[in-house]
Amino acid sequence: MTIAKVIVDVPASSINQTFDYIIPERFQDILQPGMRVIVPFGPRKIMGYVVARVSESSFNRLKEIIDILDLTPILTPELLDLGKWLAEKTLSLYITAFQAMLPQVLKANYKKELERLTDAPLSEKLEIFFAGRDFASYEELENGGVSFYHVQKAIQAGDIAVHYLVKSRVTKKYTTFLKPARDGHLLEEALQDMSNKAKKQQEILAFFIEHPEEIELNSVIKQFETTRSVINALLNKGFLTLLKKEVYRNPYDDDQFEQTNPLELTEQQQAAIEPVKQHIKDNVHDVFLLHGVTGSGKTEIYLQAIQDVIDKGEEAIVLVPEISLTPQMVRRFKGRFGSNVAVMHSALSHGERYDEWRRIHRKEVQVVVGARSAVFAPFENLGIIIIDEEHENSYKQEDSPRYHARDVAIQRGEYHRCPVILGSATPALESYARAQKGVYKLSTLTKRTNEKAMPEVNIVDMRDELHAGNRSMFSRSLKDNIAKRISRGEQVVLLLNRRGYSTFVMCRECGHVQECPHCDIALTFHKHSNQLKCHYCAYEEPMPMDCPSCSSDLIRFFGTGTQRIEEALTQLIPEARVLRMDVDTTRRKGAHEKLLNQFAEKQADILLGTQMIAKGLDFENVTLVGVLTADSMLNLPDFRSSEKTFQLLTQVSGRAGRHDLPGEVIVQTYTPEHYSIELAGHYNFLQFYQQEMQVRKQFQYPPYVYLALITVSHQNHVKAVQSTQKIVKSLWKHVQQDTVILGPTPSPISRIKDRYRYQCMVKYKQEPGLRTLLSKIIRQFDDDVRKDDLQISVDMQPYQLM
Ligand code: ADP
Ligand code: ZN
Ligand code: ZN
């Protein structure tokens, strides 16, 4: 087995395969699949992942591996296979899939350098760029306005060369420890000989005679209230010695978590956990959909199932949405399992995340709680995978590899023959449909553990407000209620549901929203052309002068920012202290948490924010939740907008009155009769599911069909359109009869950074060859991608359709 098959770090579809390298003698005994290596590739040295060792190669004149970056594999055999599966399933590159499974610090960083090889004149731009130098950094080039195409030409002509200087960014943290340098009896002799003036030295030495274990230098200095010079004296006399040891950065102080014990389960919880426990015991895979209202004790079920897994000596992965990974959430897991829990969270520093990853890699913990990418935790004996709030879109990665954590979890669950639990108060339609068909096993928790009813939801018709002469964004009832709560010292959460850039057109008089006649989604207003356009099918029409439904001229586009609301709010209720939470106020690291803490400490009466306030919050003192405009989510140009509205309304409602004080929810809307608003008001998931499934069936959307979204972008408008057209044509030629291809249409964000974006969508029931077909079609554009900066991306499970 002297040959290694390597996936090299060159993100190009023409390189998306393994390359064979000779394993030099010195690495023969240590090299294993799953390690990273440095290999020669053309004129450069690059990083690659060893995926297999074989004894023969069908190529001759192989090159040798230059260096090994890892001494133990960082990808297990399972993860190597998973990466391959992931790449194929999402039509991404193998290298991209592997990188996605690892913490950032393990992605080798290259410093690239350009060298001028000739004195002969270069092209004008390159001359300016080199400006008399022989070497120049690559980053400069990227910012310097020289096209890669020119550089590539010059490289091909032998005028310049690119050097790759690999430096691994792995950063470990070391701490200095102190320990005795001699046997105890020798130290005792030394102690007796020591001058009585050296009191501190004596104390410290006496301590080490009693406790010969190593301890951190800093803590010794602190404990004895001494200085480094005293320690140095002991070091110089040869009594003590220093050693450096690698330590983990633990972002959580594990002692701060109070130990919690398993609760006695309710009857419903008992019924739900029973089959899961049985599966854990028998090593059987199945997917359980745990549908339970907020506060029904889903988390307690997770905790007790994990306990079984731990007792069995196996491991558990718990995924929670990034935004819900609050200290409250971490406390629930650390409180039960202490330091046996690693936390993977994007708010941690790269170093902290790497340390948490290594605790998993070294089998020092059995549980990981983390956001999406924690699904790749390098455990080797998984006993359960849990996805909380499984309907959340943040489980879908929107960059390549465009995977859904649910699919990865199920794939790993099959491999490890262990159960997967999907938990939610409002499961995704796709998941619930699978449960209905028996593909997933359904358990339902209908009762809250505290037996309290869900807070009452009052829906306010904003059209009535207008008719009564109230033109503000706050209905009379919301205003009165806010004032009442504040005067009682209670707190209010206000949700402004504004997402994205899209503006739809709505009649303030009657609530009419202009929709696409073919796609059942709101048309989007384009200011410069004064047109309304559909982003699915390219239908368009002029902006109406008055409402087609009631002829009112109060029809206009819709959307207000949090800042304006804040101003309006402080005018309306001057005594209210308002905290605003949106993308602007939470951009800085830790800002999100800081705002929440301020609110928890009652430094404000009202928390005003976008969807990010809807999740995971649990404030005892919040008794009123107000939703300012339920319509702005309902009318997003996305076929999932009703579902998202239902989920969001249900979720925010769960924020009110979770404790002793009874809560109330006020939802303002221009379309109170819409089923997703009405049914969310009654917490009626089942009926919502049934009604929404009918719509999906009628307009042929998932889960009745599958979708694939292809997005093309280029600086040149015509080029972007034409390339998309070409793709659409090739697709039509090869797909099944009942498959539909929509487009080309401009993407909802039709231009980003001066690149025009076009898209087309494939709607299909069964298309076994689609991935192969798409790869083939895209490969035809390889030249344009390489030389002309054309970009094509495919999403086999699109969620962001806006
Ligand atoms: P969910 O995750 O479904 O929203 P939680 O697991 O957070 O629900 O449970 C809500 C509350 O009920 C928590 O405070 C939890 O400690 C408590 N709880 C859960 N199960 C039980 C039980 N069997 N008996 C008493 N209290 C429980
Ligand atoms: Zn109208
Ligand atoms: Zn349409």
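## A helix lying across two strands

Contact, in what follows, means that heavy atoms lie within 4.5 Å. In this predicted model, helix 13, which covers residues 350-361, lies across strand 14 and strand 15, and it runs at about 140° to strand 14.

## The seven-stranded sheet

The two strands just named belong to an open sheet of seven strands, whose order is 14-15-13-16-17-12-18 and whose pairing is parallel. Strand 14 (341-344) and strand 18 (441-445) stand at the edges with a single partner strand each, so one side of each has no neighbour in the sheet. From one strand to the next, the twist averages 15°.

Within this sheet, strand 13 (residues 315-319) pairs with strand 15 (residues 367-370) in the parallel sense over four bridges, and Leu319 has Gly370 in strand 15 as its bridge partner. Another helix, helix 10 (residues 267-282), lies across strand 12 (287-292), strand 16 (382-388), strand 17 (420-424) and strand 18, and its direction makes an angle of about 150° with strand 18.

## The surroundings of ligand 1

Which residues are closest to ligand 1? Ligand 1 is surrounded by 15 residues, of which the closest are Glu264, Gln269, Thr299, Arg332 and Thr449. A polar side-chain atom of Gln269 lies 2.7 Å from a nitrogen atom of the ligand, while a polar side-chain atom of Thr449 lies 2.6 Å from an oxygen atom of ligand 1. The backbone also takes part in this picture, with a polar backbone atom of Glu300 at 3.5 Å from an oxygen atom of ligand 1.

## Helix 1 and its cover

Helix 1 (residues 77-90) has 14 residues, and at 1.5 Å a residue it should span 20 Å, which agrees with the 20 Å between its end C-alpha atoms. Its buried residues are Glu78, Leu79, Leu80, Leu82, Gly83, Leu86, Ala87 and Thr90, and what covers them includes strand 4 (44-54), helix 2 (94-100), helix 14 (405-416) and strand 33 (791-795). Just after helix 1, Leu91 takes a positive phi of about 55°.

## An enclosed strand

Why is strand 20 (residues 491-495) described as largely enclosed by the rest of the structure? The reason is that five of its five residues are buried. Gln491, Val493 and Leu495 point one way from strand 20, whereas Val492 and Leu494 point the other way, and all are buried.

Strand 20 runs parallel to strand 28 (residues 622-627), to which five bridges join it, and also parallel to strand 27 (residues 606-609), to which four bridges join it. Val492 can be followed in both pairings: Val492 stands opposite Leu624 in strand 28, and Val492 has Ile606 as its bridge partner in strand 27.

## A three-stranded sheet and a buried threonine

Three strands form an open sheet in the order 22-23-24, and here the pairing is antiparallel. Strand 22 (524-526) and strand 24 (540-542) are the edge strands, each pairing on one side only, and neighbouring strands of this sheet are turned by 30° against each other on average, direction ignored. Strand 23 (residues 531-533) and strand 24 are joined in the antiparallel sense over three bridges, and the bridge partner of Leu532 in strand 24 is Glu541.

Thr745 is found in strand 31 (residues 740-752). Is Thr745 buried or exposed? Its relative accessibility is 1%, and since buried means under 20%, Thr745 counts as buried. Leaving aside residues up to four places away in sequence, Thr745 touches His535, Tyr536, Cys537, Ala538, Tyr758 and Gln759.

Key. Residues numbered from 1 in each chain as written. Chains lettered and ligands numbered in written order. Predicted model: local features only at pLDDT ≥ 70, side-chain atom pairs only at ≥ 80, totals over all residues. Heavy atoms only, no water. Pairing = 2+ DSSP bridges. Axes fitted to C-alpha atoms, helices over the stretch in contact; angles between N-to-C directions. Expected span 1.5 Å × (residues − 1). Buried < 20%, exposed > 50% of the residue type's maximum accessible area, 1.4 Å probe, protein only. Near = heavy atom within 4 Å. Polar contact = N/O pair within 3.5 Å; in protein donor to acceptor, adjacent residues only side chain to side chain.
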